[in-house]
Structures are given as C-alpha cells and as structure tokens.
Amino acid sequence: MKIALFAAVQEEVLNIKEKVHLCGIGRENATNTMLRFMEEHRDEEFTILNIGTAGAHAAPVGSIIRVTEIVSGGAAFLDHPMLLDHLPVEVPDATDGKLFSSDCFVSPHVYSAEFLQDLTTRADCFDMESSALYSIAKHFGKPYVSFKIVSDHLDVDLATWQQRVHELSPKLCDFTLRLLDALSQTEPVELIGK
C-alpha cells in the first residue's frame, strides 16, 4: 500500500517530519501544495493520509479523531457529502467524528456564539485545510483518510495553540507510526514523495 502523509505544519509532526508533506495553514496553502503534489504523482496509486491538530468542542484535548466526513465552511450546498475513505485496519485509539473545515480559526473571536452553538451540532472538530486536501484528492481519484488530535476547545490564542501543538506532537507521531505499522501487517507500506 502506498501512502502520502500530509500535515499542515512541521510542529505537528516533529518526530516524523522527514516522512510528511507539509501543506501550510489554510485552504489556499493546502490547495497549492496538493495540486503540485498531484501533478507530480497523478499516475501513481496511493492513499492520502492527513494527520494534524484540530480544535473540538467536546472531545478531550489529546484524543484522536478519525474523520468520517468533512463539512466545508462557506459551502453549505454541496452536490455530494465529503465522506472519507477507511484504512483496512482497526484503529482502537480513535473515535469517529465529523470535521468542519474553514478559512479561519474556529473561535468566539471569529464566529458568533449562535453560529458556534449550531456548529457543535454539525461537527465534532475543526481545522483549516481538510476540505481543500479532500477535494483535490478526490478530483484526482485518490482515497483520502484523516486523523486529528484535539489541541483545544476553541478557547485558546495562537501562542497557546502553538504550545499545545508542540506538546501533542509526540503523541500524534506515535499514533501515526503505530497506524503505519498496523497497515504493514496486512501488506507492505511505502511512503511516497519524500
């Protein structure tokens, strides 16, 4: 099985940074990075595995969420739901959840209390890259899988988020390595593009 690992920033994946493609924060950065990657690897068969941090409203900080669906901020009327693919292994350390992906941090400083309250009924976690990564992967016909580690409860500033990312990076890296090891028990795993 060929896997292309993607994360937003190096700080999320410090212990495995040599294995991960970094797309930067936000949908525009993710779009540009993914388009370049797909143009280079369009004829290969592989699965995109996106890992990283996400805010959440209920899941504990440090917990892992296997993203099952993406709700895209600013695109309320999509022709089809953004449903993610699955890996052929059990993932006991993760809980399933929906992810809201938008162009800005989901916080009370950006969105109204009413919108945030409504959002908690439609999504379990929040990031700024997933909808772009997913859309491009699907455009090129590639399976897309995502796991997020919860970094905050929409209640931190940028400096605190950066500190949490640094603290949670070893746990996310360990989870990713265990996931790749589990996959390799069923068939050889090759990381591509790095």
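**A walk through the side chains**

Hi everyone, let's start with one residue: Arg178, with a relative accessibility of 39%, counts as partly exposed. On this scale, buried means under 20% relative accessible area, exposed means over 50%, and partly exposed is in between, using a 1.4 Å probe and protein chains only. Before going on, please note that this is a predicted model, in which local features need pLDDT of at least 70 and side-chain atom pairs count only at pLDDT 80 or more, while totals for chains, interfaces and linings use all residues. Residues are numbered from 1 along each chain as its sequence is written, and side-chain values use heavy atoms, with hydrogens and water left out.

So what does Arg178 form with Asp174? A salt bridge, with the closest N and O atoms 3.0 Å apart. The term stands for a side-chain nitrogen of Lys or Arg within 4 Å of a carboxyl oxygen of Asp or Glu. Asp174 is partly exposed too, at 40%. Both residues sit in helix H4, and because they are 4 residues apart there, about one helical turn separates them. Helices (H or I, at least four residues) and strands (E, at least two) are DSSP runs here, numbered from the N terminus. Asp93 joins Asp174 and Arg178 in a network of salt bridges.

How many salt bridges does the whole structure have? The search finds 7. Another one joins Lys98 and Glu69, at 3.7 Å from N to O. Lys98 belongs to strand S6 and Glu69 to strand S4, so this pair ties together parts that are 29 residues apart in sequence. Lys98 is partly exposed at 34%, whereas Glu69 is buried at 18%. Glu39 and Arg42 form a salt bridge as well, with their closest N and O atoms 2.8 Å apart. Glu39 has a relative accessible area of 47%, and Arg42 is at 39%.

Arg42 also brings us to Lys142, in the loop between H3 and S8. Is Lys142 buried or exposed? Lys142 is buried, with a relative accessible area of 3%. A polar atom of its side chain lies 3.2 Å from the backbone oxygen of Arg42. The residues that Lys142 touches include Met38, Glu44, Phe46 and Asp85, leaving aside residues up to four places away in sequence. Touching, or contact, means heavy atoms within 4.5 Å.

Ahead of that loop comes helix H3, residues 130–139, where 7 of the 10 residues are buried. Among them are Leu133, Tyr134 and Ile136. Just after H3, Gly141 takes a positive phi of about 75°.

Now for Asp152, in strand S8, residues 144–152. Asp152 is buried yet has no salt bridge, and the nearest side chain of opposite charge, Arg164, is 5.6 Å away. For charge, Lys and Arg count as positive and Asp and Glu as negative, while His and the chain ends are not counted. The side chain of Asp152 does reach the backbone nitrogen of Leu154, at 2.8 Å. Leu154 lies in the loop between S8 and helix H4 and is buried at 13%. Most residues other than glycine have a negative phi. Leu154, although not a glycine, has a positive phi of about 60°.

Over in strand S4, residues 64–72, we find Arg66, which is buried at 15%. Its side chain makes a polar contact with that of His86, at 2.2 Å. A polar contact is a pair of N or O atoms within 3.5 Å; within protein, one must be able to donate a hydrogen and the other to accept it, and residues adjacent in sequence count only if both atoms are side-chain atoms.

On to the rings. There are 5 aromatic pairs, where rings of Phe, Tyr and Trp (its six-membered ring) pair if their centres lie within 6.5 Å, with planes under 30 degrees apart counted as stacked, over 60 as edge-to-face and the rest as tilted. Phe100 and Phe126 have ring centres 6.4 Å apart and planes at 65°, so that pair is edge-to-face. Both Phe100 and Phe126 are buried. Elsewhere, ring pairs link Phe6, Phe37 and Phe46 into a cluster.

Finally, how many disulfides are there? The search finds 0, a disulfide being a pair of cysteine sulfur atoms within 2.5 Å. Why is Cys23 without a bond? Because its closest cysteine sulfur, in Cys173, is 15 Å away, too far for a bond. Thanks for listening!
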